[in-house]
Amino acid sequence: MAFPEGFLWGAATAAYQIEGAAHEDGRGRSIWDTFSYKPGNVLHGDTGDVACDHYHRLEEDLDLMGELGLQAYRFSVSWPRIQPEGSGPVNGPGLDFYRRLVAGLRDRSITPALTLYHWDLPQRLEDGGGWTSRDTADRFAEYAAIVYEALADEVPVWITLNEPWVSAWLGYGLGVHAPGRHGTGEALSATHHLLLGHGLATAAMREMGGDNQLGITLNLSPAHVGKDTAADREAARKVDGNANRLYLDPLFNGSYPEDMLDLYPRLADPGLVRDGDLETISRPVDFLGVNYYRRHTVREDRGTGRASGMSFPGLGAKTVQPHGAETTAMGWPIEPGGLTEILVRINEEYTRKPIYITESGAAFHDYADPAGEIRDEERVAYLDAHFRAAEAAIRRGVDLRGYFVWSLMDNFEWAEGFSKRFGLVYVEYASKKRIPKHSAHWYRKVIWANDLPES
Ligand code: FCB
């Protein structure tokens, strides 16, 4: 194995998924508060009101990270803690929380990687149209500048958005995430304004100076055909266009892909995509963050019968389980080879800039055994296979700089509530007790050795 010297081994979380303290210290309401309070949206009616109570257990969690030997920690800042209404004055106590977090990381020699937006849009902005409104992109850049001003000296790695595809399509297209809106047109407007917000925020931070690394995180999934037929090839091409190229192309080539413009004429509407927008969006980043969970195995979907996996409305496509694939508790196929594949493709087709894997991990049905141990050997095997896949990409020339496991601890898994456990650390929700799983002990050794055990 050959992980380069200085390779950063980390873990990731997001504000709404772990912090709790939803009504404290002046935090405003976010779209995830509104969405989770509405019956039927989140499994078991779970909400992030308390979550892992990380807000109150900051010191304990920092110690935990130290004990795990983490070299880096990716967290997100809650916009409504900083600007309760999404614009206007800064809420001091909200900012102070992240100042304490970052100082605590530095004390432990853990490199902070900060995500500005991991889906918790201030509700007030949603009331004005949310990401379907161009104004939100401008507000995002202002918010980014506030956080950058406060923390740029201490935080070397900055990620503007987490997974704009998920924000746009699950939030505004399919309505299974906040804000729960349904419409292809809305998802397309949201896509463009999210990307524009990224570009404006990046420009605003660059203007303020500093040698910080600025980037964006995309969730990327190679699309394979279910059967080698013309119809499945066409369906897979469209899914690849929607899931991957719709984001990679504007960021790295300054244009939306031709075939997606045919499919989505709205993206050619000068009322939405104004002169100069694509230049703003494609201003150079310093790195790309990649979240990898799965491939898409795609079949054409004539709209008959139930799709066994995801369906891509309007694309005539659905995903199916690849033959014989093992799956995680999310039902996602386990395909480490897809990670090598996507990294090499980015390198060959889009950019040679450094890449961080900003999320990769899996949910399994973890439980504490009578001795209080969480023997998550499936997660160990999963991580081992994906680390090897990352290393294979490095050998093929990809400038991979670090790997953030999703997640540091079990947490609020969006529409799945607390039912899905992704953590290296188990959270006993009733007591909020943290128990490192076997995978955490194993990961500690990987980090220490900057290498994997012999297989
Ligand atoms: C990603 C999200 C992250 C987490 C994982 C499982 O899409 O960025 O917050 O929910 O999936």
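Here are some short exercises, each with a worked solution, on a predicted model of a protein with a ligand.

**Exercise 1. Find out where the ligand sits and which residues are around the ligand.**

Step 1. Begin with the place: the ligand sits in the largest pocket.

Step 2. Now look for the neighbours. Around the ligand you will find Gln17, His118, Trp119, Asn162, Glu163, Asn291, Tyr293, Glu359, Trp406, Glu413, Trp414 and Phe422.

Step 3. Pick out some polar side chains from that list. Gln17 has a side-chain N or O atom 2.8 Å from an oxygen atom of the ligand. For Glu163, a polar side-chain atom lies 2.6 Å from a ligand oxygen. The side chain of Glu413 also places an N or O atom 2.6 Å from an oxygen atom of the ligand.

Step 4. Finish with the cover. On its own the ligand has 290 Å² of accessible area, and the protein covers 95% of this.

**Exercise 2. Work out how the side chains of Glu349 and Arg345 meet, and how far apart the two residues are in helix α13.**

Step 1. Check the contact. The two side chains form a salt bridge, with 3.2 Å from N to O.

Step 2. Count along the helix. Helix α13 covers residues 337-350, and because Glu349 and Arg345 are 4 residues apart in this helix, about one helical turn separates them.

Step 3. Compare each residue with the cut-offs. Buried means under 20% relative accessible area, so Arg345, at 17%, counts as buried. Glu349 has 47% relative accessibility and therefore counts as partly exposed.

**Exercise 3. Describe the salt bridge of Asp384 and say which helix holds Asp384 and its partner.**

Step 1. Find the partner: Asp384 forms a salt bridge with Arg388, and their closest N and O atoms are 2.6 Å apart.

Step 2. Place both residues. Asp384 and Arg388 belong to helix α14 (residues 377-395), with a spacing of 4 residues, about one turn of the helix.

Step 3. Is Asp384 buried or exposed? Its relative accessible area is 16%, so Asp384 is buried.

Step 4. Widen the view to salt bridges that share partners. These join Glu234, Arg237, Lys238, Asp240, Arg245, Asp259, Arg345 and Glu349 into one network. Arg345 and Glu349 are the pair from Exercise 2, linked by a salt bridge.

Step 5. Add one further pair. Arg379 and Asp376 form a salt bridge in which the closest N and O atoms are 2.8 Å apart, and both residues are buried. How many salt bridges does the structure hold? The count is 37.

**Exercise 4. Trace the polar contacts made by the side chains of Glu19 and Asn347.**

Step 1. Start with Glu19, which lies in the loop between α1 (15-18) and α2 (31-37). Its relative accessibility is 4%, so Glu19 counts as buried.

Step 2. Follow the Glu19 side chain to its partners. One polar contact, of 2.7 Å, joins the side chain of Glu19 to that of Arg81. Another, of 2.6 Å, joins the side chains of Glu19 and Tyr98.

Step 3. Move to Asn347, a residue of helix α13. With a relative accessible area of 7%, Asn347 is buried. Its side chain reaches the backbone oxygen of Gly397 at 3.2 Å.

**Exercise 5. Look for unusual backbone geometry, using phi and the peptide bonds as your guide.**

Step 1. Recall the general pattern: most residues other than glycine have a negative phi, and most peptide bonds are trans.

Step 2. Look for cis peptide bonds. One joins Ala178 and Pro179, with omega about 5°. Pro179 is in the loop between α8 (164-173) and α9 (184-207). A cis bond also joins Trp406 and Ser407, with omega about 10°. Ser407 has its place in the loop between β12 (400-406) and β13 (425-428).

Step 3. Look for positive phi. Ser109 is not a glycine, yet its phi is about 60°. This residue is in the loop between α5 (92-107) and β3 (111-117). At 62% relative accessibility, Ser109 is exposed.

Step 4. Turn to Trp119, another residue other than glycine with a positive phi, near 85°. Trp119 is in the loop between β3 and α6 (123-127). Its relative accessibility of 7% makes Trp119 buried.

Step 5. Return to the ligand from Exercise 1: Trp119 and Trp406 are among the residues around the ligand.

How values were computed. Residues numbered from 1 in each chain as written. Predicted model: local features only at pLDDT ≥ 70, side-chain atom pairs only at ≥ 80, totals over all residues. Heavy atoms only, no water. Salt bridge = Lys/Arg side-chain N within 4 Å of Asp/Glu carboxyl O. Buried < 20%, exposed > 50% of the residue type's maximum accessible area, 1.4 Å probe, protein only. Near = heavy atom within 4 Å. Polar contact = N/O pair within 3.5 Å; in protein donor to acceptor, adjacent residues only side chain to side chain. Areas by Shrake-Rupley, 256 points an atom, 1.4 Å probe, with all protein chains shown as cover. 1 Å grid on protein atoms, 1.4 Å probe; cavity = no way out; pocket = protein on both sides within 12 Å on 5 of 7 lines; lining within 4 Å. Sits in = over half its atoms within 2 Å of the grid points.
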